[in-house]
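Here are a few exercises to work through at your own pace. Please have a look at the sequence and the structure before you begin.

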Amino acid sequence: MKNLVAKSAGALGALGLMSVAALAQDTTAAAEAPAAVSSEVAYIFNTLLFLIGGFLVMWMAAGFAMLEAGLVRSKNVSMQCLKNITLYSIAGLMFWITGYNLMYTGVDGGFIGSFGPYSFDAVGGNALDTGYSTASDWFFQMVFVATAASIVSGTLAERIKLWPFLLFTVVLTGFIYPIAGSWQWGAGWLSEMGFSDFAGSTLVHSVGGWAALSGAIILGARKGKYGPNGQVTPLPGSSMPLATLGTFILWLGWFGFNGASQLAMGSISDVTDISRIFANTNMAAAAGVVVAVILTQILYKKVDVTMALNGALAGLVSITAEPLAPSVLQSVIIGGVGGVIVVFAVPMLDKLKIDDVVGAIPVHLLAGIWGTLIVPFSNADTSYVTQLIGIVAYGVFTLVASAVVWVILKAVMGIRVSEEEEALGLDKVEVGVEAYPEFGIGSAR
């Protein structure tokens, strides 16, 4: 038995020496080999990045749905769920029908691309010249469009009719967002000027925020929100657990939102940069939460959980314009200022009698402006003047274009439910399925 063990030990020792020698040979060969992977391997990893990032951003649609469901009153929860799944679907269809081509095809330093549906690679395609599967790129860009539409959904909750909102979504996702996006990401005129927006603080979040702001002004506030003497009546949401869950889902999805905006994963430097983007994104969100918690304690003597949730989102939006270049400390500062913006902007909107149900305008519009403007703080290749030009251009275009659509819809079919319908709740009036029938109208049946 001992001889058998000794022989086995000897064999294992010899095998170990052979393995070490082979490993040494492999290491030597690897050191002599070029660092870059083949174009086929890079194609696979780049495509994988788009797909993983895409489904993380798609998961943000669930985050928006849960956040909005938690921040509206129980009589409107089903409506918010319906709007979010429908707007995501409309965004997908419209971005294929014409959105992608308007944003990316034939812009050539101009203001708009081309109309028409987008064509994917053939089945089994191997067009290595693109560096990635075209369908993966389309999917990744499409889920960003849905994010912009979700911003509008939350702001206008509890009083807008379903079908006018969905028609506006068609225009926003098929035309307004793609045209605006072409100016930078489609190699349009702002890109030629040197404007920088890495993952969309302005292109996605501020565009959605401007569209929401125009709708909120034209639509008006919820009944009873503002009194004749300037008093503000709180209208608490239905579920803080749902709102918190939605925020965590959005936070998770943001790693795909920012990380996959690196647009390449075929080299060590790309993967290293993606990792840095993840870390900076997380730090900015954390700073937004902590700042919002501290400020609400100081200002109101109690911590407002909704401010903490929106502080996280504002930190995320703020770092989105440049999540790669900042140091950790810079990321904390950028995200922390986002938290400050939320705490002070929410009551400011109330003073202006602009009713934003979920706080999307401070989070996405104002923090988006801040994040875009501060890019030169960490990226020396950009300028504050160029960033400001881009911010103003996006603001004017989106605000005017959205207002025109809202005014047309208001004149043609009306965009607001009646006071009686608003009092009953949109679940009862427009959806027909109550989210909580045990506690709503259904409980009386």
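The exercises below go from confidence to salt bridges, then to a single loop residue and the core.

This is a predicted model, in which local features need pLDDT of at least 70 and side-chain atom pairs count only at pLDDT 80 or more, while totals for chains, interfaces and linings use all residues. Residues are numbered from 1 along each chain as its sequence is written, and side-chain values use heavy atoms, with hydrogens and water left out.

**Exercise 1.** Find where pLDDT (the predictor's confidence in each residue, from 0 to 100) stays under 50.

Step 1: Begin with the whole protein, which averages a pLDDT of 90, with 90% of the residues scoring at least 70.
Step 2: Now turn to residues 1-35, where pLDDT stays under 50. The model has zero contacts (heavy atoms within 4.5 Å) beyond four places in sequence for this stretch.
Step 3: Where pLDDT is low, the predicted coordinates should not be read in detail.

**Exercise 2.** Trace the salt bridges of arginine 222 with glutamate 158 and aspartate 355.

Step 1: Apply the rule: a side-chain nitrogen of Lys or Arg within 4 Å of a carboxyl oxygen of Asp or Glu. The count comes to five salt bridges.
Step 2: Arginine 222 meets glutamate 158 at 2.5 Å, N to O. Arginine 222 is in the loop between helix H7 (201-219) and helix H8 (240-259), and glutamate 158 in the loop between helix H4 (134-155) and H5, 64 residues apart. Helices here are DSSP runs (H or I, at least four residues), numbered from the N terminus.
Step 3: Arginine 222 also pairs with aspartate 355 at 2.7 Å, N to O. Aspartate 355 lies in the loop between helix H11 (328-351) and helix H12 (360-373), so this pair ties together parts that are 133 residues apart in sequence.
Step 4: Check burial (under 20% relative accessible area, 1.4 Å probe, protein chains only). Arginine 222 counts as buried because its relative accessibility is 5%, and aspartate 355 because its value is 1%.

**Exercise 3.** Place glutamine 184 and describe its surroundings.

Step 1: Glutamine 184 sits in the loop between helix H5 (162-182) and helix H6 (189-193).
Step 2: With 12% relative accessibility, glutamine 184 counts as buried.
Step 3: Its side chain reaches the backbone nitrogen of serine 191 at 3.5 Å.
Step 4: Beyond four places in sequence, the contacts of glutamine 184 include Phe195, Asp197, Leu203 and Tyr394.

Conventions: Helix = DSSP H or I, 4+ residues; strand = E, 2+ residues; numbered from the N terminus. Buried < 20%, exposed > 50% of the residue type's maximum accessible area, 1.4 Å probe, protein only. Polar contact = N/O pair within 3.5 Å; in protein donor to acceptor, adjacent residues only side chain to side chain.
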